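Trainee: Could you walk me through the charged pairs here and show me how each label is earned?

Mentor: Happy to; let's have the model on screen.

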Amino acid sequence: MATGKSDISGWLVRPAGGHLWAGLVALLGALAAHTVRVTSGGGMDNAIVVDAARTWLAGGSPYDDPHFLYLPSAVLAAVPQALLPRSVLGVLVPPAVTAALALGWACALRLHRVPLHSRLAALGLLGLAVGFAPFGQLVRLGNWTVTAALALPLCLLLASRGRWVAAGAVVGVAVALKPLLAPMALLFLFARRWRALAVLVLVPAAASASAALLLPDPAGFLTRTLPFLLRGDDAFVRLYEASPTAVLPRLGVPEAPAGLLALLAAAAGVVCAYRRWHGPGPVPLRLAETSAGLMLSAFLVSRPSYNHYLLVVLPLLLAGLPYAGAVARRPWFWLALVPQLPGVTWPWLESGRRRAFRDAVTLCVLAATVGRHCVRGARGPDGGDGEHGEDAKRRPAAKGRRAAVESV
């Protein structure tokens, strides 16, 4: 990490003033409080999962609702919320989602060895909350994507410290709650961490199988949800999907070529991520950029694929800004985020139902930027190959970076 006074990184890693933290706390508090006032049941998306749990408690099948797209284990996880009144959920969920996003940002910072009291810590979270519309949307919806936004940086933080089995368990629990992080199994495959990969697979498999036995429709996810996801024929959901497989047909491209194009782009993204993992650069950067490449590739073909999914990868990339070779220092990284600026009205896209077009631009440009960066690789500040070893090889470099940070 470059932390010299001649580099922006030196300014970013210095302690933030009290005024910055006061402004950040006030902003996040206002966002959560406003959400409490304008939503009920913790948000529309959270209500879908909670209502599924209530349906199960009443003796019905959670998969009667076609918009319940979660594994059976999520039903049991939502039971504690189902036992609470909606008015209580409306007060508890928005602050909980906001806190989880803040914790995910903190884990991303520690992955890159950035001090939690730094200016980047305060300004980065402030920028996400103010300048990235999906942040506020996720808080208002209460979508369980927030579990992945917290679990992924925590997983990579553990992996960077050599605790791969614990990292696999974190991803496994997140997949049991929402299958969004399933593509992360490829990272463990790239790293040849077989025990950790087994934990990642077995945790959600065991949790879902056990929960399915308690449901009146044990195979509901396989017989009802999976076909729904593969068809993608829900007219309402399609309006908000950002993947090319959903957006291109709305522009007149036949579905088969659109799906093939998205699949080829996703495959190319996986290849780029593989090259990044085996390329040069510090371990934190390789972990973050490889994972971002894998997740963005999945978002290109997944159904559904919403703009708030980007909060799973964006903090990881943004927290790497102090590194001279980070993707966050590339102009196209920031240009990709322009369509997500709050309060900007784009011509011919004024309708909320056309939001998916600008969401698709952000997704595709960001995926292309990360993919190109993964191929080019990133070198450490000394111009060498960076850190390739595990704990024993990583610790001296990590100590050196911490000493550099403390000296500025």
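Mentor: Keep in mind that this is a predicted model. Let's begin with Arg54 and Asp51, whose closest N and O atoms are 3.3 Å apart.

Trainee: Why is the contact between Arg54 and Asp51 called a salt bridge?

Mentor: The cut-off is within 4 Å for a side-chain nitrogen of Lys or Arg and a carboxyl oxygen of Asp or Glu. The Arg54–Asp51 pair comes in at 3.3 Å, so the pair qualifies. Both residues sit in helix H3, three residues apart, about one turn of the helix.

Trainee: What makes Arg54 partly exposed?

Mentor: Its relative accessible area is 22%. Buried would need under 20% and exposed over 50%, so Arg54 falls in between. Asp51, at 29%, is partly exposed because its value also lies between those limits.

Trainee: Which other residue does Asp51 form a salt bridge with?

Mentor: Arg86, with the closest N and O atoms 2.8 Å apart. Asp51 is in helix H3 and Arg86 in helix H6, so this pair ties together parts that are 35 residues apart in sequence. Asp51, Arg54 and Arg86 are thus linked in a network of salt bridges.

Trainee: How do you know that Glu289 and Arg276 form a salt bridge?

Mentor: Their closest N and O atoms are 2.7 Å apart, which is within 4 Å, so the label holds. Glu289 lies in helix H17 and Arg276 in helix H16, so the pair ties together parts 13 residues apart in sequence.

Trainee: Are Glu289 and Arg276 buried or exposed?

Mentor: Both are buried.

Notes. Residues numbered from 1 in each chain as written. Predicted model: local features only at pLDDT ≥ 70, side-chain atom pairs only at ≥ 80, totals over all residues. Heavy atoms only, no water. Helix = DSSP H or I, 4+ residues; strand = E, 2+ residues; numbered from the N terminus. Buried < 20%, exposed > 50% of the residue type's maximum accessible area, 1.4 Å probe, protein only.
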